[in-house]
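Good morning, and thank you for coming. I would like to take you through one structure today, part by part. Please have a look at it before I begin.

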Amino acid sequence: MEVQLRREEVEREEGEKKEEEEEEEEGRMETTSSWSPEAKLGKTVEDLWESQEPQLSPNDKLNACFESIPVSSFPLASAASQGVMKGCDDQMKVVFKLGPIISFEISSDCSLAEAVSILSEHKLLSAPVVDDQAPDDATWIDRYIGVVEFAGIAVWILHQSDSDESNRVLPKEMSNRYNATVAASGVNQATKLGNLSPRSAAVISGNFFGALTASELYKKTKVGDISGTFRWAPFLALQDSNSMLTVLLLLSKYKMKSVPIVGGAKIENIITQSAVIHMLAECAGLHWFENWGTKKLTQLGLPLMSGNQVIKVYEDDPVLQAFKLMRLKGVGGLPVVERDGKAVGNISIRDVQFLLTAPEIYKDCRSITAKDFLVASRKYREEHHEGHASVVSGMVTCKKESTLNEVIRTLDALKIHRIYLVDEDGHLDGVITLRDIISKLVHEPHNYFGDFFYGVIPMPPNSRV
């Protein structure tokens, strides 16, 4: 009798334990189901993290985790930017698709004016360029010729300003496409823009941009014509079976702003530096992230360069000098400082759009200085309710005592690409970019890329391959 009672008691306890486990599992499933796609990816990293060899360093554990995750696991880019640019001759045609393509594809036959309009309207830094001569059954290697960025468009502007020696607006002979575009002779010619003199940058008056955007040259120069200004040529992309480690290294050490992911003949996703930072922001609370993100900037070796090393322009420098420096130094933005070193604003490569989409705000400027540009573009943003108040009012800053998690949340919330470190008096102490943060997340194993970059122009700097 006692044995029977004991057996029933054990069975009851086991049944209760099983019910508790099932309830806990249901609770976990309900909690997980409410997670964002980015947080779910972070949970995958968490599960892999816990299974790593205990003797591995935290950084080696993260490397191993991301190497085990295929890029197909990364959430698709925002559906708000869905669409494919099919034709740009007389009217912009956007075809929304039900498939996985999530970004604009700009035809090489689109004009620069249309490309700037597309990028500005949809708040894009770049877009893949489709060869308008490619057959319908072309492979992705033959279909895409590169990625058009504001950086390439800035090069084109610098070329026009350098040609406009006496500040006349677009002389007749410049209507010849071969003289008007940098791209016709390939990548190497674009580097000649380093010869832009201080005078040619300074003498450009406000009405130059109004005349430039109204000119036939601007309306008829094709995106394909400036392909020589594209950062990566030929088109560099990953297969959906590649690992997240590969993506993170390309976005950090190899300075790609975005990595297209192809499946079959077309792009299935585009993973950007901003998307990775958003994923990290969504991972707050997970053990692997807290182990990394709660550290102070100085503990992680950030910023990577001191205030004296940061490429900058003074407020009385011509604004085209800022864009010239960005292109020559390969940076996406730089601070504007007073002569005593106090930081007063930020100019990014994307801001070149304000010279092209709203040239009327500069028409009364004899020479557009960096300060003139900041004031005019800030007023324009306020009037058109563009951007977060913190961004519109000036530059976003942090202190050396800030944690990485705080910086990530700020960058993600404001949708910006850099944050400046300042001292108590507002003087520049350094800068932290999205790329800097990603570079602290993973490192490149020896000979990781092998011959991956063979045939790619230009070769990434400091490459081990």
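Let me begin with an open sheet of three strands, ordered β9-β10-β11, in which the pairing is mixed. I should say at once that we are looking at a predicted model. At the edges of this sheet lie β9, residues 313-314, and β11, residues 343-348, each of which pairs on one side only. As general background, the strands of a sheet pair through backbone hydrogen bonds, and they do so either parallel or antiparallel. Here, β10, residues 333-337, runs antiparallel to β11, and five bridges join the two. To find your place in that pairing, look for P335, which stands opposite N346 in β11.

Which helices accompany this sheet? Helix α15, residues 319-329, packs on it and touches β9, β10 and β11. The direction of α15 makes about 60 degrees with that of β11. Helix α17, residues 370-383, lies across β9, β10 and β11 as well, and runs at about 75 degrees to β11. Before we leave this region, please note Y314: R339 lies over the face of its ring, at 4.0 Å from the ring centre.

I turn now to a hairpin. Strands β13, residues 418-422, and β14 pair in the antiparallel sense over five bridges. Within this pairing, Y420 stands opposite V431 in β14. Five residues lie between the two strands, and G426 in this hairpin takes a positive phi near 85 degrees. Is strand β14 largely enclosed or largely open? Five of the six residues of β14, which spans 428-433, are buried, so the strand is largely enclosed by the rest of the structure.

My next topic is a pair of helices. Two packed helices are described by the angle between their axes and the distance between the axes. For α3, residues 58-67, and α12, residues 244-251, the angle is about 115 degrees and the axes are 6 Å apart. On the α3 side, N63, F66 and E67 meet M244, L245 and L248 of α12. The residues of this contact divide into four nonpolar, one polar and one charged.

Which residues of α3 are buried? They are K61, L62, N63, C65 and F66. What covers them includes α2 (37-50), α12, α13 (273-281) and α14 (287-293). Two of these residues deserve a further word. K61 lies over the face of W49, at 5.1 Å from the ring centre. F66 belongs to a cluster, linked by ring pairs, with W288, F289 and W292.

That brings me to the aromatic rings, of which the structure holds 11 pairs. Consider Y254 and F449: their ring centres are 5.2 Å apart and their planes stand at 75 degrees, so this pair is edge-to-face. Y254 lies in the loop between α12 and β7 (258-263), while F449 lies in the segment after α20 (434-439), so the pair ties together parts that are 195 residues apart in sequence. Y254 is buried, with a relative accessible area of 1%, and F449 is buried too, at 7%.

F449 also forms an aromatic pair with F452. Their rings are 5.4 Å apart, centre to centre, with 45 degrees between the planes, and this pair is tilted. F452 itself is partly exposed, with a relative accessible area of 26%.

Thank you for your attention.

Technical notes: Residues numbered from 1 in each chain as written. Predicted model: local features only at pLDDT ≥ 70, side-chain atom pairs only at ≥ 80, totals over all residues. Heavy atoms only, no water. Axes fitted to C-alpha atoms, helices over the stretch in contact; angles between N-to-C directions. Helix = DSSP H or I, 4+ residues; strand = E, 2+ residues; numbered from the N terminus. Contact = heavy atoms within 4.5 Å. Nonpolar A, V, L, I, M, F, W, Y, C, P; charged D, E, K, R; others polar. Phe/Tyr/Trp six-rings, centres within 6.5 Å; stacked < 30°, edge-to-face > 60°. Buried < 20%, exposed > 50% of the residue type's maximum accessible area, 1.4 Å probe, protein only. Lys NZ or Arg CZ within 6 Å of the ring centre and 35° of its normal. Pairing = 2+ DSSP bridges.
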